Each structure stands twice: as C-alpha cells, then as structure tokens.
Amino acid sequence: MEKLLVFVFSFAAILQLAFGVGALKPNYITEEEFAFARKNPIRVNNFTAPLELPPYGTEGQVPHPRPGFGPRFWTNGQVPYTLDPTFTDSQREQVAIALNTYHEATCIRFIPKEGHHTSWVDILHDPTVCGVAHVCMNNGAQFAKFGGTCVNPGTMVHELGHTLCMGHEQTRLDRDNWIGFNTAICQPHGIDNPDFDRGLHKLYDYVSYSGCFQPKQPGVTKCGSGGPLAVLDIEVLNEMYGCNSGCQGYRYVNKNNNPSSLVQAGTEFNGEPLYSCRAYHQGDIIPGKYHQGRGECHVAWGGGEHSKFDNIEVLTNPNGANFIWVNAVNLPSNAVRGGRTNERETIYVIQCQLQSGDQTVWMPGKFIPSTGAYTSYGGQEIRCAAVQFLACNN
Ligand SMILES: [Zn+2]
C-alpha cells in the first residue's frame, strides 16, 4: 500500500514537471468548463472596443485550395483537437466559450483527439502571435495559435472559423461594391478565383480590422460582428457541414433558386398566403412578407414599407425542423434568427397581428429586441398589435 502511494505521488510529480505547471490540466476542455461557457456566451462588443484581430493579412496559413482537392471540410463536422496545457485556467475558460459558440449554433463538434484520428487541430498558446490558424482540414496535425490579449472568445471564434474552412469576405468577387480600404491602415489584398468554393466567403460579419475597411453601402456604419458568430455565418456553417437535423435544418434560399418548403407566416386581408422572406435595406437584413405569386418581398424600415424584387431570400424548411408559433411578450429562447440590423443586433421572424375594421389577420414581420415588433402594410411600417414568434422545438 505504501509503495503504491509513493508511485502515485511520483507519477503526478513527473507529469507536473513535464508540463511545467503547478496543477495538471487535461488537454481538452472539461464538461465543467463547457458548463461555465454555456452560462457566459460572447456578447457583442460596442464599437468603442472593436474585436482585436491579428494585423491585417498576417494570419492566414494555407489560404489557397490545393489543386485538384479544393478546400476540405471536417469529416462529419467532427474536429478532433488537443489543447495546450500551458493555457491558464482563465484562458481555458475563454477557449471553452469559443468552442461552445460553435457547439450551440451548429452541429460542428470539437472533440478530444484520440489515437485513431488522422486529422486534428492543436490549439496552442503562443505569446508571439495574436492569432493564426490553418485553413480547412488538412492531413495530420494543424494548429490554431493564440497569444496575449487575443486569447479571447471573439478572436478565437474568428480563427477557428478558418480552421472550419471559412474565409474572409473581403476577398469576395463583389467586395468592391461593399467596402473600400483605408490604405493608411492596410492594403487591399487579392480577390479569389471565381471557381473557389462559394462556402468560403461569408466572414464579412466577423472582420473590421480597426478601421481598415470602409463600408460603402448607404446606412452601413461598421464592419464586423463584434465577437459572436454572425447570423449569416451560422447559416453558412450549417449548410457547409450538413447540419440538417433539428433546429439547424432551416435554410434561407434566394428566390431565383426555385425554393420549396416555404414557411407561411400569415395572410393578406384577402386571404392570400404570405411567406417569410428577407431583404437587404440600408445595412439591415430584414425579415418581411413574401408574395409568392409576384416574387415580391416587403420589408418594414424607418416608418415605411419597402418593396424588393431582387436579392430576396425566402425562409424554407426542407428538413422538417419542428417550427411552432409562440404567443409571447418576450423573445423565446428558441426563436428563429432571420436577419440583423446594421448595428449587428439579431432580428427574429414573427407573425404580426393587424386589424382593419372588424377583420384581424397575421402577417410576417420582424422583431428587434431593442425596438420591438413591426410589419408593413399600405406603404407604412406598422407596430404589431400582438406577436407570435417563430420558434423551433427540436
Ligand atoms: Zn481571419
């Protein structure tokens, strides 16, 4: 018995020496650390404290697709990883929040690396960098490194997005329509080959680079999500990784791509069914009401009703997510995200009650937590008399 205890003590001491730290920490995030992360999600920074990112153009590793292969997504959305044991407890909390951000919004899972895994990411602490990561799944080991004040959830979500095969939207073919570059801070870098995988172009909402980008579209005051995964990034990841089951299975589809499984969200006063759509207006991506027959999306903004025929997306439910309409005053936790304001506030899909004489109907509308519930009718933006939130129960 005495011998055994000595052995245990010695074994622990040797491991502590090997790791150079006082307490042994596992090389993965524990269930307790994930429980902490679930209670502490990333919040949007206000713009006085923009998300810190590596110097523009320095972070990409292997940013180009391999000839003949193209970018590769992680098999079954599973990302085996190891965690550097030199991260402190508080840094591990930051890592846990970053990983949990993906776990909550998508079917992607960061899982502890096991011996049979042939591709994995080493999440490393490196005080000499802000953040740097290999792009997409490679063979064998690849890394995502973080150091200094960049060991924070927003920066790590950004870099791990590269690990997942997300790219920068400032390399999109149409980027010059959307942003200019403040050349005192940074130089524009190249535009991707048009054959490059389309799934790689959705990080617009992540990046601001401290004034490097100058938005061009009217109404747009900022670039970057401020830290959390942006609404559009969540949708793209769920599409890329085939997250079809449960509440991740809904899709916004361009009206020109013959969408089916539209989601009805009310009727006109004359009984015409109305579906949920969304359109871009003055920097906002706004859920509105879709007239399928004429391919028109109406959105409410700034007191008015705005008609859109181009670049409309309609909400579809091709995988049978268990949608329900919830009568509530406050936003349900399982409400469906439909868009965002230019201030990066999430906008939700609702049915909005309207009355005309003794007739009452529900019409598709938008709910912005900070300003309330609206639809549009007869050229006006109208506050809802009552609200039903689109929610998902899977
Ligand atoms: Zn990046």
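Here are some exercises with worked solutions on a predicted model.

**Exercise 1. Place H103 in the structure and work out what its side chain does.**

Start with the location: H103 belongs to helix α3, which covers residues 89-105. Next, check its accessibility. The cut-off for buried is under 20% relative accessible area, and H103 comes in at 14%, so H103 is buried.

Now look at who is around. Skipping neighbours within four places in sequence, H103 touches F34, I108, R109 and F110. Then zoom in on F110: its backbone nitrogen is 2.9 Å from a polar atom of the H103 side chain.

**Exercise 2. Follow F110 into its aromatic surroundings.**

Take the ring of F110 and look for a partner. Y102 pairs with F110, with 6.1 Å from centre to centre and 55 degrees between the planes. To name the geometry, remember that stacked needs planes under 30 degrees apart and edge-to-face needs over 60. At 55 degrees, the Y102 and F110 pair is tilted. Both of these residues, Y102 and F110, are buried.

Last step: add Y81, which joins Y102 and F110 in one aromatic cluster.

**Exercise 3. Decide how well helix α5 is covered, and by what.**

Count first. Helix α5 runs over residues 231-240, and 8 of its 10 residues are buried. Then list some of them: V231, I234, L237 and M240 are among the buried ones, and so are the polar-lettered D233, E235 and N238. Then ask what does the covering: the elements over the buried residues of α5 include α3, β9 (251-254), β11 (273-281), β17 (337-340) and β18 (346-356).

Finally, step past the end of the helix. G242 follows α5, and its phi is positive, near 60 degrees.

**Exercise 4. Describe the disulfide between C107 and C243, from its geometry to its place in the chain.**

For context, the structure has 6 disulfides. In this one, C107 is joined to C243 with an S to S distance of 2.0 Å. The torsion about the S-S bond of C107 and C243 is about -75 degrees, so this disulfide is left-handed.

Then locate the two ends. C107 is in the loop between α3 and β3 (109-112), while C243 is in the loop between α5 and β9, so the bond ties together parts 136 residues apart in sequence.

Now for accessibility. C107 has 26% relative accessibility, so it counts as partly exposed. C243 has 2%, so it counts as buried.

**Exercise 5. Work through C130–C150 and C247–C392 in the same steps.**

Begin with C130 and C150, joined with an S to S distance of 2.0 Å. Their S-S torsion is about -95 degrees, so the link is left-handed. This pair links distant parts of the chain, 20 residues apart: C130 sits in the loop between β4 (119-125) and β5 (131-134), and C150 in the loop between β6 (140-146) and α4 (153-163). As for burial, C130 is at 14% relative accessibility and counts as buried, and C150 is buried at 2%.

Move on to C247 and C392, whose sulfur atoms are 1.9 Å apart. With -90 degrees about the S-S bond, their link is left-handed. C247 is in the loop between α5 and β9 and C392 is in strand β22 (residues 387-392), so to speak two distant parts of the chain, 145 residues apart. C247 is partly exposed at 26% relative accessible area, whereas C392 is buried at 4%.

**Exercise 6. Find where H162 sits and what its side chain reaches.**

Helix α4 is the place to look for H162. At 5% relative accessibility, H162 is buried. From there, trace the side chain: H162 reaches the backbone oxygen of M166 at 2.9 Å.

**Exercise 7. Characterise the pair Y250 and F323, then find two charges that sit over rings.**

The count of aromatic pairs comes to 7. In one of them, Y250 and F323 lie 6.0 Å apart, centre to centre, with 45 degrees between the planes, which makes the pair tilted. These two rings come from distant parts of the chain, 73 residues apart: Y250 from the loop between α5 and β9, F323 from strand β16 (residues 323-327). Y250 and F323 are both buried.

For the charges, try K113 to begin with. Its charged end sits over the ring of W120, 4.2 Å from the ring centre. Then go to R278, which lies over the face of Y252 at 3.7 Å from the ring centre.

Technical notes: Residues are numbered from 1 along each chain as its sequence is written. This is a predicted model: local features need pLDDT of at least 70, side-chain atom pairs count only at pLDDT 80 or more; totals for chains, interfaces and linings use all residues. Side-chain values use heavy atoms; hydrogens and water are left out. Helices (H or I, at least four residues) and strands (E, at least two) are DSSP runs, numbered from the N terminus. Buried means under 20% relative accessible area, exposed over 50%, partly exposed in between (1.4 Å probe, protein chains only). A polar contact is a pair of N or O atoms within 3.5 Å; within protein, one must be able to donate a hydrogen and the other to accept it, and residues adjacent in sequence count only if both atoms are side-chain atoms. Contact means heavy atoms within 4.5 Å. A disulfide is a pair of cysteine sulfur atoms within 2.5 Å. Rings of Phe, Tyr and Trp (its six-membered ring) pair if their centres lie within 6.5 Å; planes under 30 degrees apart count as stacked, over 60 as edge-to-face and the rest as tilted. A charge sits over a ring if NZ of Lys or CZ of Arg is within 6 Å of the ring centre and within 35 degrees of the ring normal.
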